[in-house]
Amino acid sequence: MNQYLEFAIQLAEQLKGQTSTNPSVGAIIVKDNRIIGFGAHLKKGEAHAEIQALNMAGKEAEGATIYVSLEPCSHYGLTPPCSKAIIESGISRVEYAVKDGSLSKSGHDMLEEAGVEVIHSPSSRAEELYKEFFIQQKKKTPFVTLKISTSLDGKVATDFKESKWITCKAVKEDVLHLRSENDAIITGGGTVREDNPLLTSRKPNFKEPKRIVLSQQSSFDEDLQIFKDRDNPAIVVTNHPNFEIKDTQNIELYKSDLSNLENMLQLLYKLGYASVLVEAGPTLVSQFIEQDLADQLIIYQAPKVIGGQGKYQFYQTNDVYPLSKIKQFKFISTEIIDEDLKLILRK
């Protein structure tokens, strides 16, 4: 692959998670084997990568080549179409890595119709970068990852609720990084009441995701630390008609039917959350799996056998399904973290 296109993809990778429901994109403008402009989409509603690169290149863009990680857009949204700006700049050639199937009109066609040479150079690296974006664009819900820390026999706790700590310290560090890669963390009201978690990334160079708590009860106790951050309110999504926010709690309140979690996810997408990490107990994790809302599972598995009656098995159902109708995932990757195993699976 062309080195300049690789550079554009690298720029997009570095900004993944900053652009809300928009894709992260990188662009490089080259003329006479010299980079004269580059840019990246930093935030939803702000200038796209191509526009930033064109602004840097100025009049020198005429006759140059622009390399873009994703097919330039052709529609008016929060910003004008990038394909139109490329045409007006006098750019003579466009090379991009991934076709944007979410476009109603192809940016590729729009550019070619204006006489610009357009090359699609497929990249598996870039395809992986945009996989989540295309899923959430199609469903109009965030990309959902379930994070599960479990024993070898699928338990997240003993029958007496002992769960600290099943997995090793190195896994905890990996989870902090995983949190920072997502726009929001979803947990259940029961987990908040039982464990009193902060659910932060705790690292100065890591992005802090929005914390979202689902609750069917009417309130939370005042001493729960997740609601005490005055600078970063937690979201509570509830179906209770009379939910009470206490004076000491920093809460943004939304109502949704929690029996159908897709409604809640559609709400979060409208609020601008493109990727969510679910860190919760077996009840909520099982609901996401049962309702076919889990796009990805990340399972941290310790080589320990807990036994017992399995009250805290991470996936539980009231019904017993025949093997022909069970939920099916495929392995994407495996990694050994210290003494534990990290499994990534997708539908």
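What follows is a walk through the fold, the cores, the pockets and a few odd spots of one protein model.

The model is a predicted one. Its protein has nine helices and 14 strands, and its C-alpha atoms fit in a box of roughly 70 × 45 × 40 Å along the principal axes. Out of 347 residues, 50% are buried. The chain also folds back on itself a good deal: among contacts with a separation of 6 or more, 68% are between residues 24 or more positions apart.

Next come the nonpolar cores. In soluble globular proteins, nonpolar side chains tend to end up buried together. In this model, the largest nonpolar core holds 35 residues, and the members that touch the most others are I29, I66 and I91. At least two residues of this core come from each of α1 (3-14), β1 (26-31), α2 (49-57), β3 (65-70), α3 (82-89), β4 (93-98) and α5 (124-139). The top contributor is α1, which gives six residues to this core. A second core, with 28 residues, lies apart from the largest one, and its members include I235, V237, L261 and V278. Zooming in on I66 shows who its partners are. Once residues up to four places away in sequence are set aside, I66 touches A27, I28, I29, E50, I86, I91, R93, V94 and E95. That list takes in I29 and I91, the two residues named alongside I66 as touching the most other core members.

Helix α6 deserves a paragraph of its own. This helix covers residues 169-180, and its length can be checked with a bit of arithmetic: at 1.5 Å a residue, 12 residues should span 16 Å, and the end C-alpha atoms are 18 Å apart, which agrees. The expected figure is 16 Å because the rise is multiplied by one less than the number of residues. Several residues of α6 are tucked away from the surface, namely V171, D174, V175, L176, L178, R179 and S180. Not every name on that list is nonpolar, as D174 and R179 count as charged. As for what these buried residues pack against, the partners are strands: β6 (143-150), β7 (184-188), β11 (275-278), β12 (296-301), β13 (330-337) and β14 (340-346).

Then there is the empty space. Rolling a probe the size of a water molecule over the atoms shows where such space is left. The largest pocket has a volume of about 1,500 Å³. It is lined by 45 residues, with T191, D195, E279, A280 and G281 closest to the centre. Elements giving two or more residues to this lining are β6, α6, α7 (189-195), β8 (210-215) and α9 (282-290). By type, the lining of the largest pocket splits into 20 nonpolar, 14 polar and 11 charged residues.

The second largest pocket comes in at about 630 Å³. Its lining has 25 residues, and those nearest the centre are K16, E132, H177, L178 and E181. Here α1, α5, β6, α6, β12, β13 and β14 each bring at least two residues, and α6 gives the most, with four. This lining is made of six nonpolar, 10 polar and nine charged residues. Helix α6 therefore turns up in the linings of both pockets, as does strand β6.

A few single residues round off the picture. T150 sits in strand β6, and with a relative accessible area of 1%, it falls under the 20% cut-off and so counts as buried. Ignoring neighbours within four places in sequence, T150 is in contact with K155, I166, T167, I299, Y300, Q301, A302 and F314. In the loop between β6 and α6 lies W165, and the peptide bond leading from K164 to W165 is cis, with omega near -5 degrees.

Two other loop residues have a positive phi without being glycine. One is N33, with phi near 60 degrees, found in the loop between β1 and β2 (34-40). The other is D338, with phi of about 55 degrees, placed in the loop between β13 and β14. Both pass the 50% mark for exposed residues: N33 has a relative accessible area of 69%, and D338 has a relative accessibility of 58%.

Technical notes. Residues numbered from 1 in each chain as written. Predicted model: local features only at pLDDT ≥ 70, side-chain atom pairs only at ≥ 80, totals over all residues. Heavy atoms only, no water. Buried < 20%, exposed > 50% of the residue type's maximum accessible area, 1.4 Å probe, protein only. Contact = heavy atoms within 4.5 Å. Core = buried A, V, L, I, M, F, W, Y, C linked by side-chain atoms within 4.5 Å. 1 Å grid on protein atoms, 1.4 Å probe; cavity = no way out; pocket = protein on both sides within 12 Å on 5 of 7 lines; lining within 4 Å. Points joined across faces, edges and corners; volume = space filled by probe spheres on them.
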